[in-house]
Amino acid sequence: MNKIGIHFGYFNRDWDTDFIRQIDQVKRIGFDILEVAPAPLMKLSKEQREEIAGCAKEQGIEFTFSVGLGKEYDLASPDEQIRKAGIQFTLDTFEIMQEMGSTMYSGVDIGAWNQTYSYGVLDKSAEWKRSVESVKEIMKSAEEKGITYAVEVVNRYESSLVNTAEEAMDYISRVGSPNLKILLDTYHMNIEEDSFEQAIKLVGDKLGHFHVGEPNRRPPSTNGRMPWDEITLALKAIQYEGAIVMEPFIKMGGEVGRDIKVWRDISKGASQEEMEGLAADAIYMLHKKMQQ
Ligand SMILES: [Mn+2]
């Protein structure tokens with residue numbers, strides 16, 4: 001059965017959080033995975049990270065990592081120093097992942113998040129070339145450490161590099177590493193793909209990680225607007241055994257609301273308890289559809 005996870009930002013106003021409390025919370029709701037970002041963990045000491053990892057192990061919670069590279073770490077930047085800083089940031093993240101027993105690195109990780117160099121330009125081959133070279137260098141370390149590096153296919157407003165499954169297949173073939181996989185996300189697919197089914201089937205065994213959410217980033221729901229039957233049938237058709245991680249963001253305010261661009265209370269005033277209930281319902285729905 002696919003493991004189900006949730007991005008830690010769902011429950012938080014800001015990116016810094018009490019990870020130990022969060023592990024207890026997601027365990028109680030019924031998750032297998034807590035998806036975390038490297039930046040808040042980098043601020044902690046090695047001892048603190050080890051304590052978090054120990055607590056997760058005790059509870060049977062796994063970590064997957066998701067990043068949105070800052071502009072200062074843009075692996076596709078024309079500035080060599082910035083590319084080098086991005087490579088170093090990624091390698092530092094791998095170290096933290098090892099401390100925490102995680103092997104899944106994903107997100108907007110081949111260039112800066114919310115950077116669109118090619119906007120208005122017809123040729124993005126130069127950005128691709130720089131990004132591919134940076135990722136090739138990183139993959140040596142990923143392979144040594146047994147880390148899977150999943151490239152997230154995101155919508156046009158968040159990156160200009162890879163917006164469709166087809167582009168992602170081309171991109172990973174240019175890097176050519178067995179540890180380089182693809183992350184598809186229903187929220188982005190809803191904007192850019194012609195077909196959920198065809199995109200998932202095109203990626204096939206290169207699918208390393210999968211994000212789910214409704215078009216407005218509410219938790220997956222039978223009352224939502226995503227074709228969950230089509231999506232889960234396609235995942236089963238390709239025999240996807242990886243994680244399914246939801247990334248709902250429904251509260252305004254704080255760093256999370258600002259960075260994710262939540263400009264209204266999408267939760268309709270949901271309490272923390274009701275937020276947990278929505279997440280639990282989403283787990284139930286995904287389990288049920290994946291087992292049908
Ligand atoms: Mn995503």
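Contact here means heavy atoms within 4.5 Å. Keep that in mind for helix 4, and note that this is a predicted model.

Helix 4 runs over residues 80–99. At 1.5 Å a residue, its 20 residues should span 28 Å, and the end C-alpha atoms are 29 Å apart, which agrees. At the N-terminal end, Asp 79 acts as the cap, with a side-chain oxygen 2.8 Å from the backbone nitrogen of Gln 81. After the helix comes Gly 101, with a positive phi near 70°.

Which residues of helix 4 are buried? They are Arg 83, Gly 86, Ile 87, Phe 89, Thr 90, Thr 93, Phe 94, Ile 96 and Met 97. For the spacing, recall that an α-helix has 3.6 residues a turn, so residues three or four places apart point the same way. The cover over these buried residues includes helix 2 (38–42), helix 3 (46–59) and helix 5 (125–145). It also includes strand 3 (62–68), strand 4 (104–108) and strand 5.

Strand 5 takes us to the metal. What coordinates the manganese ion? Glu 152 and Glu 247 do so through OE, Asp 185 through OD and His 211 through ND1, at 2.0 to 2.2 Å. In sequence, the spacing of these donor residues is E-x32-D-x25-H-x35-E. Glu 152 sits in strand 5 (residues 148–152) and Asp 185 in strand 6 (residues 180–185), so this pair ties together parts 33 residues apart in sequence.

Are Glu 152 and Asp 185 buried or exposed? Buried means under 20% relative accessible area. Glu 152, at 7%, therefore counts as buried, and Asp 185, at 2%, is buried too.

Notes: Residues numbered from 1 in each chain as written. Predicted model: local features only at pLDDT ≥ 70, side-chain atom pairs only at ≥ 80, totals over all residues. Heavy atoms only, no water. Donors = N, O, S within 2.8 Å, 3.2 Å for Na, K, Ca; no water. Helix = DSSP H or I, 4+ residues; strand = E, 2+ residues; numbered from the N terminus. Buried < 20%, exposed > 50% of the residue type's maximum accessible area, 1.4 Å probe, protein only. Expected span 1.5 Å × (residues − 1). Polar contact = N/O pair within 3.5 Å; in protein donor to acceptor, adjacent residues only side chain to side chain.
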